[in-house]
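This report looks at a few selected residues and their surroundings. Please keep the sequence and the structure in view while reading.

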Amino acid sequence: MEFVSGRTDWLPRSFASQLQPGLWGVLAILALFEAPRYQHFAEEFRAAPKFFASLLFMVAMIGVEVVIVQFVTVVLGIDWHSDTAPLPDTGQWLLLSLNDRLPTPITALLRARLVEMHDFLMLFMLLAFSVLFRCIPPPGIGLGARYCFTIALSRVLRFLTFASTILPAVRPWCAAARFGSTSPRHPHPWAQKYFVPYARNHDLLHQVIETDRAFAPQVNYPPEFSPDWGVLQFLVDFLRPMDARVHHGAAATSGAFSSFVIRPYGGCNDLAFSGHIITAALTACAWQEAFPGWASAMVWGLVFHSAQREVRERQHYSVDVVLALYLAPLLWRTTKFLWSRPPPPPSKREALGLALSQRESVLTKALKDGDLSAVREAVEDAEKEAEAVSTAGCKEGTDGDKAVRDEQMNKWLLPFGIGMILVLFVVVLTAFSVADEGGGFLKWRS
């Protein structure tokens, strides 16, 4: 609807934005209506601590990433981004060449913004809430825990990657447009000492390789501005705030942390790998595990469409997209333990069959020898072993006792389940608002 609205005469541009709250309302009503008939709230309750721990871990890692994104953007100064050419990208060349060879409608489809980040988040939420309708095995909260934990791990790997080597931006004008009024144009003192003198002087670089020491004299740059941020003072070196009075006059607040807004849209140098694509690919991995058919194939198709569009729009280099596409399945398989359920204990009949099969050679020999006492002894041993195996994990009581306990638990598990549904909807709406703001990053890069 977002793609079609505004492109036809019969559908206004605002239709999609008006339709989305309605769809979420319908989903919420269906989920609340189905909740009283859901029989697995006990499993959801046991998975809740893991979910909230994973959610906090994800939020914390995104916060760390925001700080590191700001650091790698401003450490070399705003002028470096404007003066440094983008890296050669053969993926961009390939897509440009295909534009000349493919039919115009196909090129228009490849360039179209069919799906955004919030669409992939919605796809995952539909998958997680489908546990209420018995479309996937419970617990649905366990699936959410795995998703949040995997995203958090991907963020850790991401900021370790792009903080290790700073790559020039795909759009060189981004830094000046977005950070020009809040960050210094000259390099950080660390870059002044360890990078700037050797960046363009091959002789000095050879000497650094031989001596393994930074020896070149530093150029006199303006001093660093250091406002008083209290307990957050350690962030000054990383975020490099600039005196607001330089641009906004003496009446402006001089470097107050509250006035120094760190936007959640990403930095202006290249951030390897693509955070949008790895999140979209993780959504596709979740769908593939739950529905390994045409539904997951469609989700993967949307992921690949978004991946090539990231390269077309110069949001990322091709290598960032390729890294995200193969890292996502690896991470998703690594975190499978967060949603895996132990197999149920075998029934007494199944356990007896397994125990007898293990004693097949003993029984065969006893029957050939006509030793009925040995046969009877082997069968009795197998029955004892089957009884022990089938009752393993059921030491808390009989089936009747378990049913009574489940009935007592359901009295307070149902309110817990309804409360969790409402909490999850609040979390989703918050994530949607951040994703929608993140979509506005194009205005900073264009």
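## A negative surface patch

Patches are made of residues with over 30% relative accessible area and no salt bridge, like charges being joined within 9 Å. In this predicted model, a negative surface patch of that kind is formed by Asp-371, Glu-377, Glu-380, Asp-381 and Glu-383.

One of the patch residues, Glu-377, lies in helix α19, which covers residues 372–390. With a relative accessible area of 49%, Glu-377 is partly exposed, because residues count as exposed over 50% and as buried under 20%, with partly exposed in between.

## Arg-359 and its contacts

Arg-359 is placed in the loop between α17 (348–358) and α18 (360–369). Is this loop residue buried or exposed? Arg-359 has a relative accessible area of 19% and is therefore buried, since the cut-off for that class is under 20%.

When its neighbours within four places in sequence are left aside, Arg-359 is in contact with Ala-378, Asp-381, Ala-382 and Glu-385. Among these partners, Asp-381 also belongs to the negative surface patch, and although Arg-359 and Asp-381 are 22 residues apart along the chain, their C-alpha atoms are separated by 9.5 Å.

## Ser-296 in helix α15

Ser-296 is found in helix α15, which comprises residues 294–312. Its relative accessible area is 4%, so Ser-296 is buried. Apart from neighbours within four places in sequence, the residues in contact with Ser-296 are Trp-287, Gln-288 and Phe-291.

Conventions. Residues are numbered from 1 along each chain as its sequence is written. This is a predicted model: local features need pLDDT of at least 70, side-chain atom pairs count only at pLDDT 80 or more; totals for chains, interfaces and linings use all residues. Side-chain values use heavy atoms; hydrogens and water are left out. Helices (H or I, at least four residues) and strands (E, at least two) are DSSP runs, numbered from the N terminus. Buried means under 20% relative accessible area, exposed over 50%, partly exposed in between (1.4 Å probe, protein chains only). Contact means heavy atoms within 4.5 Å. Patches are made of residues with over 30% relative accessible area and no salt bridge: like charges are joined within 9 Å, nonpolar side chains (Val, Leu, Ile, Met, Phe, Trp, Tyr) within 5 Å. Accessible areas come from the Shrake-Rupley method with a 1.4 Å probe; for residues, only the protein chains shown count as cover. A salt bridge is a side-chain nitrogen of Lys or Arg within 4 Å of a carboxyl oxygen of Asp or Glu. Lys and Arg count as positive and Asp and Glu as negative; His and the chain ends are not counted. The place of a charge is taken as NZ of Lys, CZ of Arg, CG of Asp or CD of Glu.
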